[in-house]
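This report describes a structure with the sequence shown beside it. Please have both in view while reading.

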Amino acid sequence: MFNEVLHTIPQVLIDGLTLGAVYAVIAIGYTMVYGILELINFAHGEIFMSGAFIGTAILLVLTGIGWVSSLPAIVMLIAVLLITAVLTGFLGMGIERVAYRPLRNAPRLIPLITAIGISFLLQDIVRFIAELKKGNYIVTGPSLFTHQLSIKASSVSSIFNDATIKTSFVIVLVTAVIMMIGLDLFVNRTKWGMAMRAVAQDRETASLMTINVNKVISITFFIGSALGGATGVLFAVQYGTIDPYIGFILGLKAFTAAVLGGIGNIRGAMFGGLLLGLLEMFASANLTLLSHGIFGAEYKDVFAFIILILVLLFKPEGLFGKPVTEKV
Amino acid sequence: MSILEVQNLSKKFGGLTANQDVSMTVEKNSITAVIGPNGAGKTTFFNMITGVYQPTSGIILLENEKLNGLKPHVVCQRGISRTFQNIRLFNEMTVLENVMVGMHTHLKAGLFGILFNLPTTRKEELATEIKAYQLLEYVGLDSFLNEKACNLSYGAQRRLEIARAIAASPKILLLDEPAAGMNPKETKELTQLIKKMRDEFNLTVLLIEHDMKLVMEISEQIFVLDHGEKIAEGKPEDIRNNPKVIEAYLGSGAVHAG
């Protein structure tokens, strides 16, 4: 049995890293907002979904005027990613301005409920527009990357099976990694990144150090949402079919990833996302085998959430978080 | 020449009056102290000047420009920075980064420059780091530059707060109980540091302090607050002998006994 599990490793790694990268980038959005406002922005999953729809809409329009076939797919993708990122970035910033800023000093539960409300609102707006334009809220976009690659892992060692990957897998992974590196540089190297960290630690002191707190919060929402929206496009390119409800479960998993890594910690969120993706794909490939057919691959979500519960039980601050000691 | 002018400043929190009709003029390049018993409204007064609280009535003028209604970060950009009664550093950031946060408005590098690592950005980053390092050297913390702020000793954290406040290139530096919790040796060093900074950075220093030895030694002008009102102002020697001040601090019995 052990050998059979080993056989699946190359494929699990590839699928897991790709899915994990998607989780990681969305988890960053949760963790950044939490770090700065201590607000769990449940609308973030819907920003991701809106990104998927905006990206697909752009691709469909471009297909309609015949640009998709005439331009290289990668150029198309980059253009769509950028446009979507900017649009969802402004969407996130707008949501913060309208729905969260007026509640900045309200008890914490109130903006949380607002976030859930915004999340339903976005789902229904997107569903409404999709049905209006396409007659159905389940939308299938044009496929940009259909090429398949095969990795001969068996030639490295006979215990591994060969793995196959779609080109889009590689693109999702590479784009996500670029986004994560970019963000890490931004947060640690730029003046606004530093301002962001300062605001996260002590908003009032930061404002007394010439930092415009509202602007920093807006930038945080812009970046988090731009990354989330761009990931939505990647998701749409990768899986083809999207509906207005994809943001819910994916958002929940990304939130899990953020908690796993220690909420508020950006590198933790990246790691948590990748780990969760790998675990989930591992479960999906091997649960049947390990449980002798009692649990099928569809239990992978259960597996992921069991991990979350275990982490919360034994290390509530997350893998990279620091325990907060109560000051007396 | 006056740099900061406060006219009839009042602050009410519901029924509680924290400051009542406080007026004062702070001379440019002076060291001025605000003293008074606990709860006299000194920190509230600082909070109004820095824009944390909006005054209920009265006006604040910095070089004849009104500061009322401005957000704290704008007040700080105009040239007033401060330290806190309870140390408020960015504990999880390094000593050097804390100072660099203070320079926030003076940095220009944008996202574009960072992403493409433009030469101008690199130059600016380097210049900022050098300037921050020089400030750390100035307050004697250069050997701790990569240490997390929370790992510094108490006195060192106080000095780091001062360095961070100076980093914003202020015209006026507000120090809220800078010597609190310091031993006599540290207090003496601090006294010298404040004087040195005033001369070298062309600063105006306004400080709240309970350590009378420090206050009498350092300040050129003293304002005394009690129950939110200004009860006296003048040179250290005048304040020392002012019966109203003695009464506020020691009770009315002390005046008659003395």
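The text below takes up the two chains, the contact between them, the domains of chain B and its strand pairing.

**The chains**

This is a predicted model. Chain A holds 12 helices and 4 strands. Its radius of gyration is 20 Å, close to the 20 Å that the globule rule gives for 328 residues, so chain A is as compact as a globular protein of that length. Chain B has 11 helices and 10 strands. For chain B the radius of gyration is 19 Å, close to the 18 Å expected from the globule rule for 258 residues, so this chain too is as compact as a globular protein of its length.

The table sets out further values for each chain.

| Chain | Span along principal axes | Buried residues |
|---|---|---|
| Chain A | roughly 60 × 55 × 35 Å | 49% of 328 residues |
| Chain B | about 70 × 40 × 35 Å | 41% of 258 residues |

Contacts over long stretches of sequence can be given for both chains. In chain A, 76% of the contacts between residues at least 6 apart in sequence join residues at least 24 apart. In chain B, residues 24 or more positions apart account for 66% of the contacts with a separation of 6 or more.

**Confidence in chain A**

The mean pLDDT of chain A is 86, and 93% of its residues reach 70 or more. Within chain A, confidence is highest in helix α5(A), residues 109–134, at a mean of 93. Strand β2(A), residues 148–151, has the lowest confidence in the chain, at a mean of 69. Where pLDDT is low, predicted coordinates should not be read in detail.

**The contact between the chains**

How many residues does each chain bring to the contact? Chain B contributes 25 residues and chain A contributes 19 residues. On the side of chain B that touches chain A, the elements giving two or more residues are α2 (72–78), α3 (95–102) and α4 (111–115) of chain B. By class, the residues on this side of chain B are 12 nonpolar, 7 polar and 6 charged.

**The domains of chain B**

The domain assignment divides chain B into domain 1 (1–79 + 170–258) and domain 2 (90–168). Their C-alpha centres lie 28 Å apart. Where they meet, 11 residues of domain 1 of chain B are in contact with 8 residues of domain 2 of chain B. On the domain 1 side, α2(B) and α7(B), the latter spanning residues 184–200, are the elements that give two or more residues. Of the elements on that side, α7(B) gives the most, with 3 residues. The domain 1 side comprises 8 nonpolar, 2 polar and 1 charged residues. Helix α2(B) thus appears in two places: on the side of chain B that touches chain A, and on the side of domain 1 that touches domain 2.

**Strand pairing in chain B**

Strand β1(B), residues 2–13, runs antiparallel to strand β2(B), residues 16–27, and 8 bridges join them. Across this pair, E5(B) stands opposite T25(B) in β2(B). The two strands β1(B) and β2(B) form a hairpin with 2 residues between them. In the turn, G14(B) has a positive phi of about 60 degrees.

Which strand besides β2(B) pairs with β1(B)? Strand β4(B), residues 57–62, pairs with β1(B) in the antiparallel sense over 5 bridges. There, L4(B) has L62(B) of β4(B) as its bridge partner. In a regular strand, side chains alternate between the two faces of the sheet.

Key. Residues numbered from 1 in each chain as written. Chains lettered and ligands numbered in written order. Predicted model: local features only at pLDDT ≥ 70, side-chain atom pairs only at ≥ 80, totals over all residues. Contact = placed C-beta atoms within 7 Å. Nonpolar A, V, L, I, M, F, W, Y, C, P; charged D, E, K, R; others polar. Domains from an automatic or database assignment. Rg over C-alpha atoms; globule rule 2.2 N^0.38 Å. Buried ≥ 20, exposed ≤ 12 C-beta atoms within 10 Å, placed from the backbone. pLDDT = per-residue confidence, 0-100. Pairing = 2+ DSSP bridges.
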